Amino acid sequence: MFERGDYVVYGTKGVCRVGEITELDMKGTDEGRLYYVLHPCFQKGSTVFTPVGSGKTLMRAVMSREEAEALVDNILEIEALWEKNDKERERQYKEAIKSGDPREWVRIIKTSYLRGQERLAQGKKATTIDERFFHEAEERLYEELSVALEKPKETIRAYISERIELQKM
């Protein structure tokens, strides 16, 4: 069970802060059932109510600073998804997004980026699917790294680039 003030990753809402854990006095809610009141960190003015222990939607703790630093430091070792079939790759992208696993988000970003570079070299544009999932995975990853590393989301791309360049030396 999460505590008030904890940061969690919640389904498609991304990183949220647990505001309260309370019973809801609303029609359609189970009497005596506890609910998390979540405040998405990057969607201002939004509130999510979800039953404690529901399990229907993925909800996990935001990674620690140490886990975030280790993830960034291992980006070069994380494999891209080398699926040639567009439909199958899109299915894998969807599964990776839904998994809530930051390593899977890195795989999407790497795959989309490398495919885009390959297509540019052939005089083609990146595919809509690659671009869409690249941006979705990037948003989720940067939001979580922002909270875990206590850095503004806008600085995360540069932070990752710096850490990767240091590893290449």
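This section describes the fold, the nonpolar cores and the salt bridges of one protein chain. The structure is a predicted model, and the values reported here are computed from it.

The protein chain comprises five helices and five strands. Their order from the N terminus is β-β-β-β-β-α-α-α-α-α, so that the strands precede the helices along the sequence. Along the principal axes, the C-alpha trace extends over about 60 × 35 × 25 Å. Of the 169 residues in the chain, 40% are buried. The exposed surface of the protein chain amounts to about 10,300 Å², of which carbon and sulfur atoms supply 49%. When contacts between residues at least 6 apart in sequence are considered, 55% join residues at least 24 apart. The chain carries 29 positive and 32 negative charges, and the mean positions of these two sets lie 6 Å apart.

In soluble globular proteins, nonpolar side chains tend to be buried together. In the present model, the largest nonpolar core contains 31 residues. Within this core, the residues with the most contacts are Leu-71, Ile-108, Leu-141, Leu-145 and Ile-160. Two or more residues are contributed by each of the helices α1 (65-73), α2, α3 (102-121), α4 and α5 (156-168). Helix α4 gives the most to this core, with nine residues. The surroundings of Leu-141 illustrate the packing: when residues up to four places away in sequence are not counted, Leu-141 touches Leu-71, Pro-102, Trp-105, Val-106 and Ile-109. A second core, separate from the one just described, has ten residues. Among them are Phe-2, Tyr-10, Cys-16 and Val-48.

The loop between α1 and α2 holds Ala-80. Ala-80 has a relative accessible area of 8% and is therefore buried, the cut-off being under 20%. The C-alpha atoms of Ala-80 and Thr-111 are 4.9 Å apart in space, although the two residues are separated by 31 residues in sequence. Thr-111 is also among the residues that Ala-80 touches, together with Arg-107, Lys-110 and Leu-114, residues up to four places away in sequence being left out of this list.

Side chains of opposite charge can pair when their charged atoms come close. The structure holds 16 salt bridges. One of these joins the side chains of Arg-60 and Glu-144, with an N to O distance of 2.7 Å. Arg-60 belongs to strand β5 (residues 59-61) and Glu-144 to helix α4 (residues 128-149), so this pair ties together parts of the chain that are 84 residues apart in sequence. Glu-144 is buried, with a relative accessibility of 0%.

Two further salt bridges connect helix α2 with helix α4. In one, the closest N and O atoms of Arg-89 and Asp-130 are 3.5 Å apart. Because Arg-89 lies in helix α2 (residues 86-99) and Asp-130 in helix α4, the pair ties together parts 41 residues apart in sequence. Both partners are buried: the relative accessible area is 2% for Arg-89 and 1% for Asp-130. In the other, the side chains of Arg-132 and Glu-90 meet at 3.5 Å, N to O. Here the basic residue, Arg-132, is in helix α4 and Glu-90 is in helix α2, so parts that are 42 residues apart in sequence are tied together. In this pair, Arg-132 is partly exposed, at 40% relative accessible area, whereas Glu-90 is buried, at 13%.

The pair of Arg-89 and Asp-130 also takes part in a network of salt bridges that links Asp-86, Arg-89, Arg-115 and Asp-130. Arg-115 is situated in helix α3. With a relative accessibility of 12%, Arg-115 counts as buried. Leaving aside residues up to four places away in sequence, Arg-115 touches Asp-86, Arg-89 and Asp-130, as well as Tyr-93 and Thr-127.

Technical notes
Residues numbered from 1 in each chain as written. Predicted model: local features only at pLDDT ≥ 70, side-chain atom pairs only at ≥ 80, totals over all residues. Heavy atoms only, no water. Salt bridge = Lys/Arg side-chain N within 4 Å of Asp/Glu carboxyl O. Helix = DSSP H or I, 4+ residues; strand = E, 2+ residues; numbered from the N terminus. Buried < 20%, exposed > 50% of the residue type's maximum accessible area, 1.4 Å probe, protein only. Contact = heavy atoms within 4.5 Å. Areas by Shrake-Rupley, 256 points an atom, 1.4 Å probe, with all protein chains shown as cover. Lys, Arg positive; Asp, Glu negative; His and termini not counted. Charge placed at Lys NZ, Arg CZ, Asp CG, Glu CD. Core = buried A, V, L, I, M, F, W, Y, C linked by side-chain atoms within 4.5 Å.
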